[in-house]
Each structure stands twice: as C-alpha cells, then as structure tokens.
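User: I am new to this structure. Can you show me how to read a buried charge, a cavity and a pocket?

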Amino acid sequence: MKFETQLIHCGNSLDQATGAVSIPIYRASTFKQTGLGGNPKWEYGRTGNPTRLALEKLISDLEGGVAGFAFASGSAAIHTVFSLFSAGDHLVIGSDVYGGTFRLVDKVLKRFGLEFTVVNMQDLAAVRAAIKDKTVGIYFETPTNPLLELADIKQIAQIGKEHGVKIIVDNTFATPYNQQPLRLGADIVVHSATKYLGGHSDVVAGLAVTNDATVAEDLAFLQNSLGNVLGPDDSWLVQRGIKTLGARMRLHHENTAAIVDFLTQHPKVKRVLYPGLKTSPNYWLATTQMTGFGAMVSFELVSGADVKAFIESLEVITLAESLGGIESLIEVPAIMTHGSIPRKIRLTNGISDELIRLSVGIEAKEDLLADLKQALAHS
Ligand SMILES: *Cc1c(COP(=O)(O)O)cnc(C)c1O
C-alpha cells in the first residue's frame, strides 16, 4: 500500500462498533466492567482510550513500529522516553536538539541522576568516542533546527548496535512522510505532533513509537504511571491531521522548492540552508535517508541588511514560533527560539543574528513569493 493510502487507512481507521468512518471521540474516564476480575479491554481513561488507541495504532503503522503512544505534548513524549533510563545511566545527545529538549535534559533530568554528553551528530568519530560503559542511549534530531543539518541514522544506529545502546530519533521535522528512522535502525521515534502531524496549528500533542516489544511494554507502563496522556479530543484532532499529511506535504514541498529557488538567487540573501539544495553538504545524505526534503528553510540576509524591517514588512507570512502548520511561519532564532543560548555560543554554532527560519505553508506559492520579494526590498 502506498504511504498516502496508509495515512488514511492504517491504524483503527473505522469504528468497529458502528462502522463510522471517523473514529468517535470517546469522552469517558472509565468503562463498565462485565464481571469481577478478568482482563477488561477498557478500564480507565488514563490507561487506555479507544480514540487515543486509534491514533497510537496509526502512528505505529506509519513509522513501522510495534506500538505507538500518544502524549500531552512532544515534550511529554520525550520525557517519558527518557524515563526508560535510571540514575547513573549516560546518554549521548545531539548538539542542536530542540531547546525544550535541552532544557529538560539540563535542568530536570540531570537532577534525577541521568548523565549526558552533548555531541555533534555529524561527527561519527565523536559519537563513538562519547560512548562509555554506562551509556544506554543516543538521542538526536535530523534535520536539525534551525541549521537543517542531517545526521546519518543508519551509521549512528550501527554504532548503537555495536555498544548495545538504544537509538532515539526526534522525527518531528521530517515526519514519516519523508523519513522513517525505525526502518533505518533506530529503536524509538518521538514526535511533536503539534507540528506537521497535527498540521493546522490547533493542537499540542506528542507521540512515541518503538519496534522493540520490551521497550513497548516499558513505555506503556510509563505512560500509565506518569499519566501525561493525550486526551480523546486532541487524539482525534491529530488523527484527522495525519489523514491529510500526504496532501499537505505535496504542497509544502512544491512551495518550498519555489521559495528556495527564489531565495538562492536574491542579492539580499547571503546563504540558504536546505538539505534539498544540490550545493548543500547534506544533499547526498538527504537523498539516501529521506524521501523528500521537507518544508523548513533557513536563510541568512547579507550583513547590514535590516532583519527587523524585512520581518515586519511581511504581510502573508506570519511572525511566530512553531512550525509545520498550513500557514507559513517565520522567526528569527537569535531573538526567538534560540534566544536563551548565550550569543557567543550561538554564533559558534552558526546561528547568526541575520539567520531567519521559515516554515513554508501551503498558501498559493505566488503569494508567498510576492510577500518575500516585497519584504526583502524593505530590508
Ligand atoms: C516543538 C518540538 C518539540 C516539543 O514539542 P511540544 O509539542 O511543543 O512539547 C520537540 N522536538 C522538536 C523538533 C520540536 O520542533
């Protein structure tokens, strides 16, 4: 079955009880049991809910896992996955993971005795060198934010296998439409479904999927123990979003190709960061591990250009954090998403004051191009 058909028909796409083609929202905190004892399919809403399970089965099928889990946010999904580990365990973590993930690691999990080494995932020798006896996992994102660098999932998974450590990939930017890490050797995939999977900037949600039956059992236990579950209404919204992921992604890609082409030729643009650019150092890897290049583009204006004037002149493209929605969103990492990183470290990491991150939406591309053109004229 083609992936776009899977998006619509995988998981529990039909309500077994009625044949409804959209899974009902089962807004119930508890379920009647038919007798004492036994092993009822449904008992309590935190432990399991039919609407949530439909979403969990869907994402599991799409990522090629054995089980999926839906959480109150991407951050909750990530926290739950890290809760598989214990005080004294050590993890290797990508140097440019999502800011909230780094905060969780640095300000919360370290207090619980987990240890971390931050490594640039493009440097495989450094990944290998960072592994210690007590290393239990490697956690990273690809493509990264906001520099859109890629990490080689297969190679890192190979290193993980050699040392018996779990490979965890945050697949938020690529989505399973463009990249399926479990099929490349990863053990666990996490998502902020707030982004492309929800797709309409109207829900905060997280997902985790694994292809390891033991990990699946542990995640089910943790999800029930931590109680950070996604409610039935939001589960329904995310499932609805996923059904149109294919259609949205085609438009996202079409618009992004046109915008990248426009930006690379514009005299006010110093450089464009996009794994689908043939001149990108990530291009070869992108063509081997991804089936599409995604719709996140970063670019830098020439020095001396007025970033503030450019941003504030935009009329269609919206200034906002977040990404992956149908509307184009733009932001300046140095001031917004990455503002908490000290300037010196930020600059060393390649995030200049002129760097701009664009989440290309599905508006008519003519309108997006015209908007960028007129705003660049003001920069
Ligand atoms: C947004 C995001 C998260 C956090 O997800 P929330 O749903 O906001 O908690 C994690 N990873 C990446 C790559 C993200 O973009």
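Analyst: We will take a charged side chain, then the empty spaces. Keep in mind that this is a predicted model.

User: Where is Asp371 placed?

Analyst: Asp371 sits in helix H14, which spans residues 365-377.

User: Which side chain of opposite charge is nearest to Asp371, and how far away is that partner?

Analyst: A salt bridge needs the charged atoms within 4 Å. Asp371 is buried yet forms no salt bridge. The nearest side chain of opposite charge is Lys373, 12 Å away.

User: What polar atom lies 2.7 Å from the side chain of Asp371?

Analyst: Look at the backbone. The backbone nitrogen of Val316 is 2.7 Å from a polar atom of the Asp371 side chain. Leaving out residues up to four places away in sequence, Asp371 touches Ser313, Leu314, Glu315, Val316 and Ile317.

User: Now the spaces. How many cavities of 30 Å³ or more does a search of the whole structure find?

Analyst: A probe fits in a cavity but cannot get out, whereas a pocket is open. The search finds one cavity of 30 Å³ or more. The largest cavity has a volume of about 30 Å³. Its lining includes Pro143, Leu148, Phe173 and Phe293.

User: How much space lies in the largest pocket, and which residues lie nearest its centre?

Analyst: The largest pocket holds about 1,200 Å³ of space. Its lining has 50 residues, and Val97, Tyr98, Gly99, Gly100 and Phe102 lie nearest the centre. Helix H3 (74-82) and helix H4 (99-108) are the elements giving two or more residues to that lining. H4 supplies the largest share, eight residues.

Key. Residues numbered from 1 in each chain as written. Predicted model: local features only at pLDDT ≥ 70, side-chain atom pairs only at ≥ 80, totals over all residues. Heavy atoms only, no water. Helix = DSSP H or I, 4+ residues; strand = E, 2+ residues; numbered from the N terminus. Buried < 20%, exposed > 50% of the residue type's maximum accessible area, 1.4 Å probe, protein only. Lys, Arg positive; Asp, Glu negative; His and termini not counted. Polar contact = N/O pair within 3.5 Å; in protein donor to acceptor, adjacent residues only side chain to side chain. Contact = heavy atoms within 4.5 Å. 1 Å grid on protein atoms, 1.4 Å probe; cavity = no way out; pocket = protein on both sides within 12 Å on 5 of 7 lines; lining within 4 Å. Points joined across faces, edges and corners; volume = space filled by probe spheres on them.
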